[in-house]
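Here's a short set of exercises to work through with the model open on your screen. Try each task before you read its solution.

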2 protein chains.
Amino acid sequence: MADSVIVDTRRSAHAALRPVPVASVVLTDHFWAPRLERNRTSTIPGQLAHCEATGRIQNFQRAAGKLDVPFEGLFAFNDSDVYKWLEAAAWSLASHPDPELDAKVDAVIAEVAAAQQPDGYLNTYFMFERESERFTNLRDMHEIYCAGHLFQAAVAHFRATGKRSLLEVACKLADCLARVNPGACGHPEAELALVELFRATGEGRYLTLAKHMIAVRGQKPALCGGGAYWQDHVLYTELTEVTGHAVRMLYLASGAADVVLEDGDPALLAALQAQWESFTTRRMHVTGGAGARWEGEAFGKDYELTSERAYTETCAAIASVMWSWRLFLLTADAKYIDLLEWTLYNAVLPGLSLSGTEYFYQNPLADRGGHRRKEWFGCACCPPNLARTLAQLPGYFAAERDGDIYLTLYADATLEVGDTTITVETSYPERGQVHVIAHGSARRLFLRIPEWAGGPSWHIVPLEDREATVTLDFPLTPRRLYANPRVLACRGQVAVARGPLLYCAEEADHAGVDLWDATLPAQAPLTEAPRPELLGGIVALQATGTVLEGAGPLYASAPHGPGQERTLTLIPYYAWANRTPGTMTVWLKEDN
Amino acid sequence: MADSVIVDTRRSAHAALRPVPVASVVLTDHFWAPRLERNRTSTIPGQLAHCEATGRIQNFQRAAGKLDVPFEGLFAFNDSDVYKWLEAAAWSLASHPDPELDAKVDAVIAEVAAAQQPDGYLNTYFMFERESERFTNLRDMHEIYCAGHLFQAAVAHFRATGKRSLLEVACKLADCLARVNPGACGHPEAELALVELFRATGEGRYLTLAKHMIAVRGQKPALCGGGAYWQDHVLYTELTEVTGHAVRMLYLASGAADVVLEDGDPALLAALQAQWESFTTRRMHVTGGAGARWEGEAFGKDYELTSERAYTETCAAIASVMWSWRLFLLTADAKYIDLLEWTLYNAVLPGLSLSGTEYFYQNPLADRGGHRRKEWFGCACCPPNLARTLAQLPGYFAAERDGDIYLTLYADATLEVGDTTITVETSYPERGQVHVIAHGSARRLFLRIPEWAGGPSWHIVPLEDREATVTLDFPLTPRRLYANPRVLACRGQVAVARGPLLYCAEEADHAGVDLWDATLPAQAPLTEAPRPELLGGIVALQATGTVLEGAGPLYASAPHGPGQERTLTLIPYYAWANRTPGTMTVWLKEDN
């Protein structure tokens, strides 16, 4: 049976690291394990119900000729939600066998397979009356994007269960694409998926197709619009910034990283490094979120990082995690895991309610009470993207190389890497102490030291006599974050973090206080207030701040006064919007 | 001959004030007079050339059957640009007879008249193959909006020249609309225009139609979309905020104010007052600009007033001036002129290059060098809107009531109000001294005291023995402006004003300095530096500030240091982007 690895670099010529199977990491912690269990028992079943209720499954039955009904859905890309659901379910099965879920997956796969055309074509939108439109509008219709999500689901299902049922469907469709060679899709996704399909099957034509889809971007005449929105305005090797639609940008960058893992293309690598620099030094919200603008769900200009209107789509944060993971496997550089972890806690996780049943599409950094999670969307990309990311999560906890095992994320867990068993004991992220015991033939342990703890780098521990025991104690002192003054929207403001968690202030902890009127003085000490009963168990932070009384004029000839003293309580940003709606802000006004 | 008044409230039952004719105010000053002359000799002729070159005139010839060519233009509303040009030319003729321009106006009117259909219908887009589409998509096609601009042009032409040629065209079209009674337009404009047409003709059915177009908004079923974008989500009397597309919102509010001037409708008035409050206390940029968002060219939420991405369309600022003028005539409240003046200098005027030939559509409050004025636009609403506003300008300088003459704006000028002659001598806005001499039978002079000089209110001077002489000296000390902390994007920042002028810092005065790295310390004195040779003659302001060296990290654990001392030079915001492109900012970081 294939191993349940995410991004299988085990035979990639240019990979620094190999991932470990999802199934080899058993999380037993207080933070992630309950979330993964909720994902399996609530989120994933609930999303299948939504897919059924909204006609997304029925679309396949229609395409198979079983039902004479119209295509359902506001958008042409509804198939992709089903594929992402399949991927989520597959990764969940990797770490938690579940016969009922397995049977549901098989049933959905049967519907998908039945809808496939004799020539391998599969997209339930382009059937019957729209058959003649196939491959006629690659820019807008997400036709190859849907195929990409099928490939990812198929690879996950194969790696998680060993079953080839969906993989065969995927290969038939990929072969169809390779025959037609229609060009690149307006919404990248297939690039990374095709590389994974190549890895799962060994079929070099899928890698070739992925490379082609990257190489044709920015050619003249334009293949998909010629605009930055589609990353089609310059050759990919000349794309030195993150721009346009954020999810498209980061899926494409992930695909390019996948290609570099295979062939080491220096021009692609240089572009990726420039894009990373652009993202992390000029176009990333403090949450790790990507995509400043509502217009076009797009990256803004340099330093355009507003709070209330931050778009920072949940899918874009997930795409960033995917990108970071690939760059990490390529380089073994801890900085990529630093961002991956930060993004996971502070940009991905806020997209999901604590109940696991409601979702954010956009993730603003400030709100006046109107922005709330929803159970589903007409454009439902984010919910199953969250589900698959959570289901994959154990696979992000480690990687290996030549007997060196890299511990990337921290939680109570047992990891089996080869014949080495690693046990991690910690109360991370609430507590900084991490105790690690390893037995086996591994040579060394590499423990990531986060940037906030002095890293990003590695604490290296050799195994002597097949054993190693190490305790790290990361300082979780609350710390203040300041944006570059060029981030006009964050001037005079401070954000607060503790360990890997970004904090925010929410009105639910400040009855009746408009938190946009609050100031956190520069010298105010931040004290820890463990609240095991609150929001699934958090360490709140408290400080004496001030709050203005009343709204005051819009513009005045003197700064607005400091207001009344008031205890300000901060909670992890991932936990916001799970209580009574009200004002919220990540950035607090700071008086000097 | 009709008087060249803008918004003719001379018979309006609920008007507090009556305007004075454009022709009765002769500006002789250093600031506005050259701009009006440039408007007449450069801007207006240049815009006619653009209208000709882009097929906008030809569209009328096509509609008249003179040419067998397609409709020209990206948008269905190209006619409105020609109408606004006619209005601009008409007002210009009011204050400056110009036989050549008069002849051009007559020629264009002849083309317009020839295109009118026998039933009065006139819209060059909905001709021939599109004739059957008339009045089928009021929401999107600007069909009645174009009619509104024709009505305004016709009224202006009639009042300025006494000629009825265009007025007759307008009345025939208005009668056509009154017969068809198609409902309200997705883009308001006709409402205010119909009230003016009523005033110019005495035909009550035009007023009735305007009232109807306001009353039907927000009805169920929706008449034009049902969305806030079109101000069609609630009844107008229940619209208590400025929302949706900013120009539509403010044209509609102007039309509602025109209706209140006529009938005093208390429900409409209450809505207008709430909208004003919403605008000026929560949704207005410090420039006076309206419309925060690029998406939908729309007002944002309360306090959503970012700098670099401020949309603040030039047309929206003009619409705000139109609204303020009507509310002023309704109430005689100086606060409306205060905003009108501020908006004129700081939100309308920046839309025009000093050359008078290039235009901004959007007016950001901060820029990194990429935002530059253009000679014309596919959607060319702003250029002729600027031209007509400048041509109208003398009419905004005074109003009257029962022998009381209100001086609203200040410049060297001679005003004839009835038999009273008023001479104003001043170097406003660069100098604050205003010397006024009046001769005649007027009872009192009301001189506006701007808010920044202790107002908004009136300095009242009786005429004794048919004479009055008064000198006011408004303090022009540079002053700092601070936004309400709820304006997240302006926290920790300061803007600088002097008199009615808002200032900004522009890289052209700071060779190579990125002004987004600059800090203006809270205690730094601002000194005046007259620069008669610069940007048409300005009083620059200077202060010792600091500038960071290098970009620095995006996020850091301590505030970015103060940097190196450096003299910062500020110029009036209206004059920005007339030199070498570079960084610019209205809001400067302020250290406490």
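**Exercise 1.** Find how many salt bridges cross the interface of domain 1 and domain 2 of chain A, then describe that interface.

*Solution.* Step 1: get the bounds. An automatic or database domain assignment splits chain A into domain 1 (1–30 + 397–476) and domain 2 (479–589). Keep in mind that this is a predicted model, where local features need pLDDT of at least 70, side-chain atom pairs count only at pLDDT 80 or more, and totals for chains, interfaces and linings use all residues. Residues are numbered from 1 along each chain as its sequence is written, chains are lettered from A and ligands numbered from 1 in the order in which they are written, and side-chain values use heavy atoms, with hydrogens and water left out.

Step 2: apply the salt-bridge rule, a side-chain nitrogen of Lys or Arg within 4 Å of a carboxyl oxygen of Asp or Glu. Between domain 1 and domain 2 of chain A it finds zero.

Step 3: try polar contacts, meaning N or O atoms within 3.5 Å, one able to donate a hydrogen and the other to accept it, with sequence neighbours counted only if both atoms are side-chain atoms. Two residue pairs qualify across this domain interface, both residues at pLDDT 80 or more. By class, the domain 1 side has four nonpolar, no polar and two charged residues; here Ala, Val, Leu, Ile, Met, Phe, Trp, Tyr, Cys and Pro are nonpolar, Asp, Glu, Lys and Arg are charged, and the others, Gly among them, are polar.

Step 4: look at the area, which is the accessible area (1.4 Å probe) that two parts lose on being put together, summed over both. The two domains of chain A bury about 720 Å², with 55% from carbon and sulfur atoms. A:Glu430, A:Trp452 and A:Leu476 supply 63% of what domain 1 buries there, more than any other three residues.

**Exercise 2.** Work out how many residues of chain A touch chain B, and which ones supply the buried area.

*Solution.* Step 1: count contacts (heavy atoms within 4.5 Å). You get 56 residues of chain A against 55 of chain B.

Step 2: add the area. The chains bury about 4500 Å² between them, 55% of it on carbon and sulfur. A:Arg491, A:Leu554 and A:Tyr555 supply 18% of chain A's share, more than any other three residues.

Step 3: go polar. The salt-bridge rule finds 10 across the two chains, including B:Lys301 with A:Glu308 at 3.7 Å, N to O. Polar contacts come to 27 residue pairs, both residues at pLDDT 80 or more. Chain A's side of this interface has 26 nonpolar, 13 polar and 17 charged residues.

**Exercise 3.** Find the strand of chain B that E18(A) joins, and say which way the two run.

*Solution.* Step 1: use the DSSP runs, numbered from the N terminus: helices (H or I) have at least four residues, strands (E) at least two. Pairing takes at least two DSSP bridges.

Step 2: E18(A) has two bridges to strand E12 (residues 479–483) of chain B, and they run antiparallel. A:Tyr555 stands opposite B:Ala483.

**Exercise 4.** Locate the cis peptide bond in each chain.

*Solution.* Step 1: in chain A, look between A:Gly455 and A:Pro456, where omega is about 0°. A:Pro456 sits in the loop between strands E9 (444–449) and E10 (457–462) of chain A.

Step 2: in chain B, go to B:Gly455 and B:Pro456, with omega about 5°.
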